[in-house]
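Subject: Handover of a structure and the findings from it

Dear colleague,

I am passing the structure below to you for your records and for your own reading. Please look it over before turning to the notes that come after it.

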Amino acid sequence: LKIEIGRNGQRENDLMRDWAKKWEHIYIGSQEDIESEFERAGDVYYQFSYQANQGVFRLALPKSRCDIIPCDSTVECIAAYIANSLKASDVASVFRVKAYEGVSKGAIVEN
């Protein structure tokens with residue numbers, strides 16, 4: 001996932017660096033996809049489960065390696081989540097977030 005952030009028409013390298021650091025080596029999970037939590041060898045894990053066109057997918061990861069967001073973890077929703085989070089801390093600015101995850105798969109959110 002590649003993210004570009006602008007504030008009031010200017011590229012915001014510091015904000016991009018902050019979000020990249022926050023999500024470095026992290027699985028971005030959706031609250032609704034958490035099937036359960038369990039403990040193994042002293043670590044707490046999330047068990048994720050979701051259905052896609054290709055079938056049912058399940059994944060278990062240490063809770064410490066996950067960031068749970070209150071929306072789907074699609075590129076469109078992630079862009080909106082970042083833009084809304086930034087706007088909540090600086091209502092006077094206009095933020096533009098571009099998120100990409102491959103050829104012809106991206107989103108732009110401005111608020």
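The notes below go from the overall fold to the two sheets, then to one loop residue and the largest pocket.

Please bear in mind throughout that this is a predicted model.

Overall fold

The protein has 111 residues, of which 33% count as buried. Its secondary structure consists of 2 helices and 9 strands, and these elements follow one another along the sequence as β-β-α-β-β-β-β-β-α-β-β. The C-alpha trace spans about 45 × 35 × 20 Å along its principal axes. Among the contacts with a separation of 6 or more, 47% are between residues 24 or more positions apart.

The four-stranded sheet

One open sheet is formed by 4 strands in the order 2-1-8-9, with antiparallel pairing. Strand 2 and strand 9 (105-110) are its edge strands, and each of them pairs on one side only. Strand 8 and strand 9 are antiparallel and share 6 bridges; the bridge partner of Tyr 100 in strand 9 is Gly 106.

Both helices are found against this sheet. Helix 1 packs on the sheet and touches strand 1, strand 2 and strand 8, and its direction makes about 145° with that of strand 1. Helix 2 (residues 75-89) also packs on the sheet, where it touches strand 1, strand 8 and strand 9; the direction of helix 2 makes about 25° with that of strand 9.

Strand 1 (residues 2-7) is joined to strand 8 (residues 95-102) by 6 bridges, and the two run antiparallel. Within this pairing, Glu 4 stands opposite Lys 98 in strand 8. Strand 1 is also joined to strand 2 (residues 10-11), again in the antiparallel sense, by 2 bridges, and there Arg 7 has Gln 10 as its bridge partner. Strand 1 and strand 2 make a hairpin with 2 residues between them, and Asn 8 in the turn has a positive phi of about 50°.

The three-stranded sheet

A further open sheet contains 3 strands in the order 4-5-6, with antiparallel pairing. Strand 4 (34-40) and strand 6 (55-62) each have a single partner strand, so one side of each is left without a neighbour in the sheet. From one strand to the next, the twist averages 20°. Strand 4 and strand 5 (residues 43-52) run antiparallel and are joined by 6 bridges, and Glu 39 stands opposite Val 44 in strand 5.

A buried loop residue

Glu 12 is located in the loop between strand 2 and helix 1 (13-22). The relative accessible area of Glu 12 is 18%, which is under the 20% cut-off, and this residue is therefore classed as buried. Leaving aside residues up to four places away in sequence, Glu 12 touches Ile 5, Gly 6 and Arg 7.

The largest pocket

The largest pocket holds about 170 Å³ of space. Its lining is made up of Tyr 27, Glu 32, Asp 33, Tyr 50, Gln 51, Ala 52, Asp 72, Ser 73 and Thr 74. Strand 5 gives the most to this lining, with 3 residues. By character, the lining residues divide into 3 nonpolar, 3 polar and 3 charged.

With kind regards

How values were computed. Residues are numbered from 1 along each chain as its sequence is written. This is a predicted model: local features need pLDDT of at least 70, side-chain atom pairs count only at pLDDT 80 or more; totals for chains, interfaces and linings use all residues. Side-chain values use heavy atoms; hydrogens and water are left out. Two strands pair if DSSP finds at least two bridges between them. Axes are lines fitted to C-alpha atoms, for helices over the stretch in contact, and angles run from 0 to 180 degrees between N-to-C directions. Buried means under 20% relative accessible area, exposed over 50%, partly exposed in between (1.4 Å probe, protein chains only). Contact means heavy atoms within 4.5 Å. On a 1 Å grid over the protein atoms alone, a cavity is a set of points where a 1.4 Å probe fits but cannot get out, and a pocket is an open set with protein on both sides within 12 Å along at least five of seven lines; lining residues have an atom within 4 Å of a point. Grid points are joined across faces, edges and corners, and a volume is the space filled by probe spheres set on the points. Ala, Val, Leu, Ile, Met, Phe, Trp, Tyr, Cys and Pro count as nonpolar, Asp, Glu, Lys and Arg as charged, and the others, Gly among them, as polar.
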